[in-house]
Amino acid sequence: MRRFLLFLVLPALIVLGVLGGQEFRLFERGWFNLKAWWQPAEQGIGLDRYRVTVEALPVQGLDDDLSALTYDPDRKTLFTVTNARAELIELSLDGRILRRVPLTGFGDPEAVEYVGPNSYVITDEREQRLIRVRLEDDTAFLDAGDAEQLTLGIGRNGNKGFEGLAYDSAGKRLFVAKERDPMLIYEVRGFPHDNPGQPYAVHVLQDRKRDARLFVRDLSSLQFDERTGHLLALSDESRLVVELDVEGKPLSTLSLRKGYQGLKATVPQAEGIAMDEAGTLYLVSEPNLFYVFKRALD
């Protein structure tokens, strides 16, 4: 009888194991870890050497709905957005709110990215719109109707749309992450452009080989490192940050789970990541938590 039950149960367990491995990308992740141990990766950012220095600091004055993060090298501050009560929020590098700017007509703002002095791109996740805004010191509010916009409308899937942005200022490329189903990173050239009112062409590119290498379950945020040309991809569900080289190959990872990178607790819902000129990483998590990671000294 036991053998008969084992004969019935064992195949089911094998099938569940295979399906679970595919869903959580366990095989790809295990293969990457094995290769990293056996053959050290080329020189890169080295995310595995980062350690948390500020952990789970509540952002005072904000109870919930913190989403996305970008670093402004001119102001030396960070920007994030909220979507339930749509706002663009400026943060200090130690996680204090400096400024709140109401957003009108942005639908479901989910990501924000610095693209130049006083210039940012904000995503409308559901409508797959990219909205470029200008923020001056005296700006009281931002209206999407007054801004330059681009709607892509590629593979719309409800609340699994544009979840992250990153900008390559030298290459004039805007990377746009689609959260999942399918999980993709688009490369947009021609938006935003430098001569408003003049004719311009927009090209949207995909790197399916790169996207297939991503052993994470979803994408929450992106960050482009100007120094190396590498892209950082943040996954909330996989609790992981992955470094991709110029060819899209994974190089290193930063785990957001308890016990790794000096974390005392797992990051609950990572939503945004940003990096400054010194390589310091800033991360925000819902509901309103702020983190800082710095690379350990050699």
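Is Lys-172 buried, exposed or partly exposed in this structure? In this predicted model, Lys-172 is partly exposed, with a relative accessible area of 43%.

## Two lysines with positive phi

The setting of Lys-172 is the loop between strand E11 (162-168) and strand E12 (173-178), and its backbone deserves a look, since phi of Lys-172 is near 55 degrees, a positive value in a residue other than glycine. The area of 43% lies between the limits of 20% for buried and 50% for exposed, and therefore Lys-172 is classed as partly exposed.

Lys-76 is another residue that has a positive phi, of about 60 degrees, although it is not a glycine. Lys-76 lies in the loop between strand E2 (67-72) and strand E3, and Lys-76 is partly exposed, with a relative accessible area of 44%.

## The open sheet around strand E4

Five strands form an open sheet in the order E2-E3-E4-E5-E9, and the pairing in this sheet is mixed. E2 and strand E9 (142-143) stand at the edges, each with a single partner strand, so one side of each is left without a neighbour in the sheet. E5 and E9 run parallel and are joined by two bridges, and at this junction Thr-104 stands opposite Asp-143 in E9.

Strand E4 (residues 87-91) is mostly covered, with five of its five residues buried. In a regular strand the side chains alternate between the two faces of the sheet. In E4, Glu-87, Ile-89 and Leu-91 point one way while Leu-88 and Glu-90 point the other way, and all are buried, so that both glutamates of this list, Glu-87 and Glu-90, are among the buried residues.

## Hairpins on either side of E4

Strand E3 (residues 77-82) pairs with E4 in the antiparallel sense over five bridges, and the two strands form a hairpin with four residues between them. Within this pairing, Leu-91 of E4 is the bridge partner of Leu-78.

E4 is also joined by five bridges to strand E5 (residues 97-104), and these two strands run antiparallel. The bridge partner of Ile-89 in E5 is Arg-100. E4 and E5 form a hairpin with five residues between them, and in its turn Gly-95 has a positive phi of about 85 degrees.

## The hairpin of E15 and E16

Strand E15 (residues 221-225) is mostly covered, and five of its five residues are buried. Ser-221, Gln-223 and Asp-225 point one way from E15, whereas Leu-222 and Phe-224 point the other way, and all are buried.

E15 pairs with strand E16 (residues 230-235) in the antiparallel sense over five bridges, and in this pairing Gln-223 stands opposite Leu-232 in E16. The two strands form a hairpin with four residues between them, where Gly-229 in the turn has a positive phi of about 80 degrees.

## An aromatic cluster

The structure holds six aromatic pairs. In one of them, the rings of Phe-79 and Tyr-120 have their centres 4.9 Å apart and their planes at 50 degrees, so the pair is tilted. This pair links distant parts of the chain, for Phe-79 belongs to strand E3 and Tyr-120 to strand E7 (residues 119-124), and the two residues are 41 residues apart.

Tyr-120 also forms an aromatic pair with Tyr-114, which is edge-to-face, with 6.0 Å centre to centre and 70 degrees between the planes. Phe-79, Tyr-114 and Tyr-120 form one aromatic cluster. Phe-79 counts as buried at 1% relative accessibility, Tyr-120 is buried with a relative accessible area of 0%, and Tyr-114 counts as buried at 13%.

## Two cis peptide bonds

A cis peptide bond joins Phe-191 and Pro-192, with omega at about -5 degrees, and Pro-192 has its place in the loop between strand E13 (184-189) and strand E14 (203-206).

Glu-286 and Pro-287 are likewise joined by a cis peptide bond, and here omega is about 5 degrees. Pro-287 has its place in the loop between strand E20 (281-285) and strand E21 (289-295).

Note on methods: Residues numbered from 1 in each chain as written. Heavy atoms only, no water. Buried < 20%, exposed > 50% of the residue type's maximum accessible area, 1.4 Å probe, protein only. Pairing = 2+ DSSP bridges. Phe/Tyr/Trp six-rings, centres within 6.5 Å; stacked < 30°, edge-to-face > 60°.
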